[in-house]
Structure formats: structure tokens, C-alpha cells
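Welcome to a short guided tour of a protein model. Keep the sequence and the 3D view side by side as you read.

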Amino acid sequence: SEALEIFQETNIHKVYLDCLRGGHFPGEDVLITARDFFRENGLKVSAGLTPTSGTGKPCSHHPWWLCYKNEATQEELTDVVRRTARIFDEIIVDDFLCTHCQCEECRSARGDKTWGKYRMDLLVQVAQDCIIAPIREENPGAKIIIKYPQWYDRFHIFGYDVRRHPGNFDEVWVGTEIRD
């Protein structure tokens with residue numbers, strides 16, 4: 001109710017409920033209750049997925065990012081994505097779908113590719129297999145959005161593939177970010 005009051009005072013008409021952050025999934029009952037409450041009060045409601053540490057194996061070189069090569073990371077992400085897709089018809093994948101991991105598992109899988117090429121290939125595969133395909137299986141009509149940060153000159157370094165991802169997702173967002 002407090003959030004709704006703030007939203008109404010500031011003329012907000014749409015909310016994204018974070019369904020994954022720091023390895024935490026709020027639970028289907030909580031998300032359904034919140035979704036229905038906001039809808040009943042005139043707001044559009046969608047889901048947000050923020051894959052950060054706490055889900056699967058952490059990235060070796062960044063405290064919040066994940067090792068997407070790791071099977072446990074892929075399995076946990078897929079599970080949360082499926083549960084989210086059963087509840088929401090629009091899902092945005094926040095700009096934490098990136099990595100800078102250089103663990104032994106990644107070094108071995110990289111082969112002779114550059115780190116940028118390896119990470120882009122990996123995250124295209126993870127997006128397809130662990131996000132897009134499970135969402136389509138659970139909710140074929142769902143709209144899937146990928147959100148990029150404002151790291152235009154460094155997208156490739158962290159695995160963002162701005163050529164292949166837009167063809168796989170329904171929409172692409174780039175945020176205007178401020179920190180601190």
C-alpha cells in the first residue's frame with residue numbers, strides 16, 4: 001500500500017517486480033499477490049530478472065557477476081526463469097547478464113578464442129537455453145526484453161552481443177544510469 005501511494009503520487013503507471021536478485025526468488029505466492037494488487041489498482045506489472053551473485057557459481061573477477069559456464073548457474077537460472085514465466089507475460093533481463101569470469105572452467109572452455117568472443121558466444125547460448133527457451137516453453141506469448149548498461153565501448157568485453165541478442169529477444173532496452 002505504501003508503494004502504491006508513492007507510485008500514484010509520482011504518476012508511475014508500470015512496475016517491474018524483481019523475481020531474482022542476489023540468489024533470492026521472493027516466491028510464487030508473494031509475486032502473485034503483489035502482481036494482482038498492483039494490477040487491481042491500475043498499474044501494469046512485469047517481471048525483472050537480475051542474475052547476480054547468490055545464484056550458482058560466482059564470477060572469478062567481479063563480486064556481483066556469475067560464472068555462466070557453470071552447470072549449477074545455468075540450472076538455477078533456468079529454474080527461476082521458468083517459475084517467473086508462469087506468473088508474468090513480460091520479463092526484462094537486467095544488465096547483469098554479463099560476466100568477466102576467468103575461472104579454470106572458463107579458461108578451459110575458452111580455447112583459442114579471445115575473452116570477448118568467448119563471453120559473447122557463451123552468453124548468447126545461455127540467453128537462448130536458460131532464458132528464452134524456458135520462457136517460451138512456460139509462456140509462449142511472453143515478451144522478453146534484454147537491458148544493456150551504458151558501456152557502449154565495452155559491451156563485447158563482458159559478453160553483451162549487440163548483434164545477436166536483439167534477434168533473439170523481443171525488445172532491447174538501454175538505460176540511462178547514474179550511480180551514487
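## The middle of the sheet

Let's begin with two strands, β3 and β4, which run parallel and are joined by four bridges. Strands, like helices, are DSSP runs numbered from the N terminus: a strand (E) has at least two residues and a helix (H or I) at least four. Within this pair, Ile91 stands opposite Ile144 in β4. Strand β4 covers residues 143-148 and is also linked to β5 by four bridges, again in parallel. Here Val172 of β5 is the bridge partner of Ile146, and Lys147 stands opposite Trp173 in β5.

Five of the six residues of β4 are buried, so this strand is mostly covered. Buried means under 20% relative accessible area, exposed means over 50%, and partly exposed lies in between, using a 1.4 Å probe and protein chains only.

## How far to trust the model

This is a predicted model, in which local features need pLDDT of at least 70 and side-chain atom pairs count only at pLDDT 80 or more, while totals for chains, interfaces and linings use all residues. Residues are numbered from 1 along each chain as its sequence is written, and side-chain values use heavy atoms, leaving out hydrogens and water.

The pLDDT is the predictor's confidence in each residue, from 0 to 100. Its average over the protein is 93, and 97% of the residues score at least 70. Among the elements, helix α2 (residues 28-40) has the highest mean, 98, and strand β5 (residues 171-174) the lowest, 89.

## The whole sheet

Now step back to see the full sheet: five strands in the order β1-β2-β3-β4-β5, open and with parallel pairing. Two strands count as paired if DSSP finds at least two bridges between them. At the edges are β1 (14-21) and β5, each of which pairs on one side only. Neighbouring strands are turned by 30° against each other on average, direction ignored. What holds such strands together? Strands of a sheet pair through backbone hydrogen bonds, either parallel or antiparallel.

## Helices against the sheet

Helix α2 lies across β1 and β2 (44-50), running at about 175° to β1. Helix α5 packs on the sheet too, touching β3 (90-93) and β4, and its direction makes about 160° with that of β4. Such angles run from 0 to 180 degrees between N-to-C directions, with axes fitted to C-alpha atoms, for helices over the stretch in contact. Contact means heavy atoms within 4.5 Å.

Where is α5 kinked? Look at Gln128, the centre of a kink of about 35°. The bend at a residue is the angle between axes fitted to the seven residues ending there and the seven starting there.

## Three residues to find

Thr78 sits in helix α3 (residues 71-85). Is it buried or exposed? Its relative accessibility is 16%, so Thr78 counts as buried. Setting aside neighbours within four places in sequence, Thr78 is in contact with Asp129, Cys130 and Pro134.

Asn11 belongs to the loop between α1 (2-9) and β1, and is exposed, with a relative accessible area of 55%. Most residues other than glycine have a negative phi, yet the phi of Asn11 is positive, near 65°. Arg163, in the loop between β4 and α6 (165-168), is exposed as well, at 78% relative accessible area. The C-alpha atoms of Arg163 and Asn11 are separated by 35 Å, and the two residues are 152 residues apart along the chain.
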